[in-house]
Amino acid sequence: MTAEPAPPDPTQPPRSKTGIPKNPGRRDLGLRATLLFPDRAIVEQFYVPVIYTACRTCYSEEVPEDIFRRAVAGDFDPSKMQKLISSVIESGHGSTIEHVVFTFAITGVSRTLSHQLVRHRAGVAFDQQSQRYVKFKDAATMLPQSIAEGDPDLRERYESQVDGALDLYGELLGAGVPGEDARFIFPNGTRTNLVMTTNLRALIHMSGLRLCTMAQWEIRRLFQLIRHEIFAVSPFLGSFLAPKCVPLGYCDEFKNRDEHCPIRPHKDRVLEAWSEKAGAAKAAGRALPTI
Ligand SMILES: Cc1cc2nc3c(=O)[nH]c(=O)nc-3n(C[C@H](O)[C@H](O)[C@H](O)COP(=O)(O)OP(=O)(O)OC[C@H]3O[C@@H](n4cnc5c(N)ncnc54)[C@H](O)[C@@H]3O)c2cc1C
């Protein structure tokens with residue numbers, strides 16, 4: 001016999017709802033991210049040397065072609081190369097990591113996701129499966145977990161609306177309506193495929209936004225898969241793909257002022273602590289330096 005859950009205690013205030021979306025990584029959403037280029041051998045042989053050459057050229061009399069040749073030949077200590085690259089990235093000198101790119105196949109994501117993804121403009125290129133030119137015989141859709149595991153009646157009605165829309169699409173095509181018009185019936189959940197090429201700077205920026213717990217669950221899952229792909233070819237470069245609060249040291253999302261996401265303190269609290277510290281220093285007769 002399954003034990004009934006205990007009823008809520010009326011003397012206690014209701015438990016506050018956490019705003020952190022459930023980790024989408026625990027559920028197979030049927031979407032994929034595959035790194036098409038480069039492979040591990042290319043990354044290991046050339047990517048760190050290219051970035052190192054860009055960084056070191058700024059601080060060296062040596063010509064870049066010599067730095068690159070020596071870096072590829074293994075003349076420099078790999079840990080020193082990584083240290084310089086890390087400190088340049090952490091200082092925000094992002095142009096040095098625009099010299100390397102990654103190309104992904106992104107498959108089976110919803111149009112809801114792709115609409116968010118293609119909002120990124122700088123340092124990234126997309127090509128997406130056309131709903132004008134492809135006549136879909138078996139369009140697939142994404143079913144959100146809240147609907148899949150929610151009220152069975154609502155789920156049934158949802159699925160029948162989606163199936164109805166896809167059936168009508170087929171009928172419209174059959175009646176000679178062009179694909180570019182019939183597609184207007186497609187739901188946002190319709191799956192799609194893209195190729196995305198991005199330089200490392202843009203990838204770190206996008207990952208900072210999309211790995212954040214404030215990001216929508218599907219795109220967050222996509223960037224978890226992307227991070228996994230980068231880790232497979234370079235744990236060093238993969239380590240820079242993190243929610244934006246990690247390199248910043250604080251959270252700047254206004255919807256996290258209550259700090260329900262605990263990864264980093266909210267910037268309001270950091271500023272509050274700074275202000276308290278400044279006040280205490282002033283009271284003690286030694287004002288903290290300001291610009
Ligand atoms: C949690 C979350 C919620 C969101 N909610 C909404 C929403 O409700 N509605 C909505 O419309 N969008 C929403 N967005 C999308 C968001 O506003 C951005 O359009 C998207 O994240 C792209 O990021 P980006 O602007 O940094 O662009 P990118 O193209 O990735 O640009 C990278 C950086 O380059 C610089 N840059 C790029 N283009 C320019 C330019 N033209 N001028 C100056 N600098 C530039 C900026 O510094 C920018 O941050 C949301 C995004 C997230 C992560």
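This note walks through a predicted model of one protein chain with a ligand.

1. Confidence. The mean pLDDT of the chain is 91. A score of at least 70 is reached by 91% of the residues. Residues 1-6 are another matter: their pLDDT is below 50. In the model, this stretch makes zero contacts beyond near neighbours in sequence. Read its placement with that in mind.

2. The main core. The largest nonpolar core holds 46 residues. Six of them touch the most other members: Phe102, Phe104, Leu203, Leu222, Phe223 and Leu237. Which helix gives the most to this core? Helix α9, spanning residues 217-233, does, with seven residues.

3. A closer look at Leu222. Leave aside residues up to four places away in sequence. Leu222 then touches Leu31, Arg32 and Ala33. Leu222 also touches Ile106, Val109, Leu113 and Leu117.

4. The second core. A separate core has eight residues. Among them are Phe136, Val162, Leu166 and Phe186.

5. Around the ligand. Arg119, His120, Arg121 and Ala122 are among the residues around the ligand. His205, Leu209, Arg210 and Met214 are there too.

6. Polar pairs at the ligand. Check three distances here. A ligand oxygen atom lies 2.3 Å from a polar backbone atom of Arg121. For Ala122, a polar backbone atom is 2.9 Å from an oxygen atom of the ligand. With His205 the side chain takes part: one of its N or O atoms is 2.6 Å from a ligand oxygen atom.

7. Ligand burial. How much of the ligand's exposed area does the protein bury? Taken alone, the ligand exposes 950 Å², and the protein buries 45% of that.

How values were computed: Residues numbered from 1 in each chain as written. Predicted model: local features only at pLDDT ≥ 70, side-chain atom pairs only at ≥ 80, totals over all residues. Heavy atoms only, no water. pLDDT = per-residue confidence, 0-100. Contact = heavy atoms within 4.5 Å. Core = buried A, V, L, I, M, F, W, Y, C linked by side-chain atoms within 4.5 Å. Buried < 20%, exposed > 50% of the residue type's maximum accessible area, 1.4 Å probe, protein only. Helix = DSSP H or I, 4+ residues; strand = E, 2+ residues; numbered from the N terminus. Near = heavy atom within 4 Å. Polar contact = N/O pair within 3.5 Å; in protein donor to acceptor, adjacent residues only side chain to side chain. Areas by Shrake-Rupley, 256 points an atom, 1.4 Å probe, with all protein chains shown as cover.
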